[in-house]
2 protein chains.
Amino acid sequence: MHLDQATPEQLRQWEADLASEYQALKAQALNLDLTRGKPSSEQLSLSDALDGLLNGSYISADGTDVRNYGGLEGIQEARQLGADILGVDAARVLAGGNSSLTMMFQAVLVGYQFGYQGAESAWKNLKAPKFLCPVPGYDRHFSVCEQLGIEMITVPMTATGPDMDKVEAMIKADEQIIGMWCVPKYSNPTGVVYSDETVERMAGLGKIANPAFRVFWDNAYAVHDLKQPAPQLASIMAACVRQGTEDSVLQFASTSKITHAGAGIAFMAGSETNLAAFKQVLGITTIGPDKVNQLRHMKLLPNMESLSAHMAKHAAIVAPRFACVLENLEQAFANTDLGRWEKPQGGYFISFDTQPGCANAVIRMAAEAGVKLTPAGATYPYGNDPADCNIRLAPTVPSVADVDRAMKVFCVCVKLASVRARLS
Amino acid sequence: MHLDQATPEQLRQWEADLASEYQALKAQALNLDLTRGKPSSEQLSLSDALDGLLNGSYISADGTDVRNYGGLEGIQEARQLGADILGVDAARVLAGGNSSLTMMFQAVLVGYQFGYQGAESAWKNLKAPKFLCPVPGYDRHFSVCEQLGIEMITVPMTATGPDMDKVEAMIKADEQIIGMWCVPKYSNPTGVVYSDETVERMAGLGKIANPAFRVFWDNAYAVHDLKQPAPQLASIMAACVRQGTEDSVLQFASTSKITHAGAGIAFMAGSETNLAAFKQVLGITTIGPDKVNQLRHMKLLPNMESLSAHMAKHAAIVAPRFACVLENLEQAFANTDLGRWEKPQGGYFISFDTQPGCANAVIRMAAEAGVKLTPAGATYPYGNDPADCNIRLAPTVPSVADVDRAMKVFCVCVKLASVRARLS
């Protein structure tokens, strides 16, 4: 199907055929859901041994009784795991509670309200503090900015990461830009891994930006590979050291999609200056993280070797679901102009771009046929996808058979919505 | 010893005797610590069964898989426990992570930055937002205000709670007062339980204060009784309902000093309006609390009956330590004018007021004799105890024998510092 080359007669015929195909699918009364970017029960069960692992021994490697108060930075062995995941020194890592989103919110709050380099560096002092937001992106990142009244400017994602020419030009032109969101590996939702050049240029932004500028490097899928050998993400902190811009990047990760999604450990890494400012505020808001849960995690995943073996089990569950989505897309759209997508080798999402103006229609039609998709616009700041084209597919929770059923519906909806848009 | 009635000769003789007694104590080279308001290892061990209680069953009462994301309000059975502790309806309770301090910070942040009744009600819009702080009080409460630049005004504690005549007069006179900290039961550090009249008058503040005014009712020691029958704290929410001021109070509690101090559950309770505003912000900062840990706690403490039985075991450990402190104070100061104290029937602290101008000297002298005490001023906003008289004693961690040794040193230091102050 090539709409650009189709005659009106062809389009009308396609519309009729697809409409009848759609009606047949609708008659199945499906009840499927491709919205949930979370692990399936089968994945969660991989970590069920967590409960009971401590055997009454609540002492961490350095002799700390993890049951009591204290230890703002987290236990040493958990910080080491975070350091290994993020590729930095353990002294530059904090191990926290169950939510990296909470750490990211706090990190933005520190920048906005208190300042990483003294009170006068707080973003709230600026006339109109702004974040760059690669799109499509992660809605919960955008919500943090919106909550604090930080303006968001979009920048397009490419197959190698954000469009760095645009990023650099914007930052040079506007010193009110004081932050940027990034999911550098298996980006949410496009699944792209930032290229080495992109990472190097991201690390260089600290040289041209407002000194208060911080990259929020949310490495949520650092170890969530579906195949080996997996794509390697270059170390942004190594690049920052080379360029003298260590203060310009804050990194985040968590075990949420490694162990139990709601009961894991979050990590944050940053320069000495950044961590000092962050800890000053953190120490006001808490006496310390749940160190018992940190120790429990370290019994399950004592090192990167055990972590890799654990992630291979996740991959064995998730990979067939990703393959199913990609096969369906390939089969339906390989030789058409109806849509574009990347082929992620990890992470939790596949992102599909319809022709402009079709995403809302596809999502509505799929819903009417019993297939729930993430609302259109969710991957854009303020929920506004100006081209109305991006749809985020999250295939981890349903069974492979259900993913296949849902994708059949999805593909017909894309075709029908595209043809109807052309006809109208 | 009555300094007021003593002759200069008597004072000099006391000084000489006490100085020699102090030197003898110093020679013991003690290493004791009465600063730590946290449970002892023996207390923590009461809850060691927490790890392994789930037996592979991760489903809460309503069928939720607690391992996964979600459930911003906490699991229903944990909310019920919080409701029982705070004496409110479970629908008005959130069960959170491991830190009620974090919830209190967030609750202050909501009031300051976002507003409980719309953005225009945010305290940051005021010229000089102020909190009333009963003194002596809890330093971490004061730090939250200081961090956000909220001015703190002290109000004296009495044996029945804050001096309510002063509180009401200040609030009537200044509409920039938009908050007040309270630890209503076994107050930190005086150990006082607010009287029924105090609770009723606290609930009435909402009728005379700025509509943005909120009482932060930190019921940290709600079930931490040392003797039965224990003093009963009246229900502030019941009083608020009677007076139509439900929006004026936010309540907090936690299991931190019930189970494992650093790995418990925090609770917050409030009106529908207050919880809606809080949850809007909470939902930006996290996907949900650690529900696995909540379920684990509910297996250990399924209801108030089991909670009471559990707290009786804590009391059996803590009560002898409190008794030891009080016996030493009684013996040393019962018929003197050297100090005043309450006799707490629960909580974690005993608070001692020296004669004006002596606290710093006592703490320094005790430190030189190997007994660490909480720094003078710590119980006052900005670390400033204008009369230099309050000392917080925290006896839960050392053994009874060590508490006794430390108190012997303390009492001699108080006497010696008092006599010297009179002589100088």
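Q: Which strands of chain A does helix 6 (residues 164-173) of chain A lie across?
A: This is a predicted model, in which local features need pLDDT of at least 70, side-chain atom pairs count only at pLDDT 80 or more, and totals for chains, interfaces and linings use all residues. Residues are numbered from 1 along each chain as its sequence is written, with chains lettered from A and ligands numbered from 1 in the order in which they are written. Helices (H or I, at least four residues) and strands (E, at least two) are DSSP runs numbered from the N terminus. Helix 6 runs at about 155° to strand 4 of chain A (lines fitted to C-alpha atoms, for helices over the stretch in contact; 0 to 180 degrees between N-to-C directions), and the strands it lies across are strand 3 (130-135), strand 4 (151-158), strand 5 and strand 6 (177-182).

Q: Which strands stand at the edges of the open sheet of chain A?
A: The eight strands have the order 2-9-8-7-6-3-4-5, with mixed pairing (two strands pair if DSSP finds at least two bridges between them). One side of each edge strand is left without a neighbour in the sheet, because each has a single partner strand: strand 2 (93-95) and strand 5 (161-162) of chain A.

Q: What is the bridge partner of A:Phe252 in strand 9 of chain A?
A: Strand 8 (residues 249-254) and strand 9 (residues 266-269) of chain A run antiparallel, joined by four bridges. The partner of A:Phe252 is A:Met268.

Q: How many residues of chain A are in contact with chain B?
A: Contact requires C-beta atoms, placed from the backbone, within 7 Å. By this criterion, 38 residues of chain B touch chain A, and the number in chain A is 38.

Terms used. Contact = placed C-beta atoms within 7 Å.
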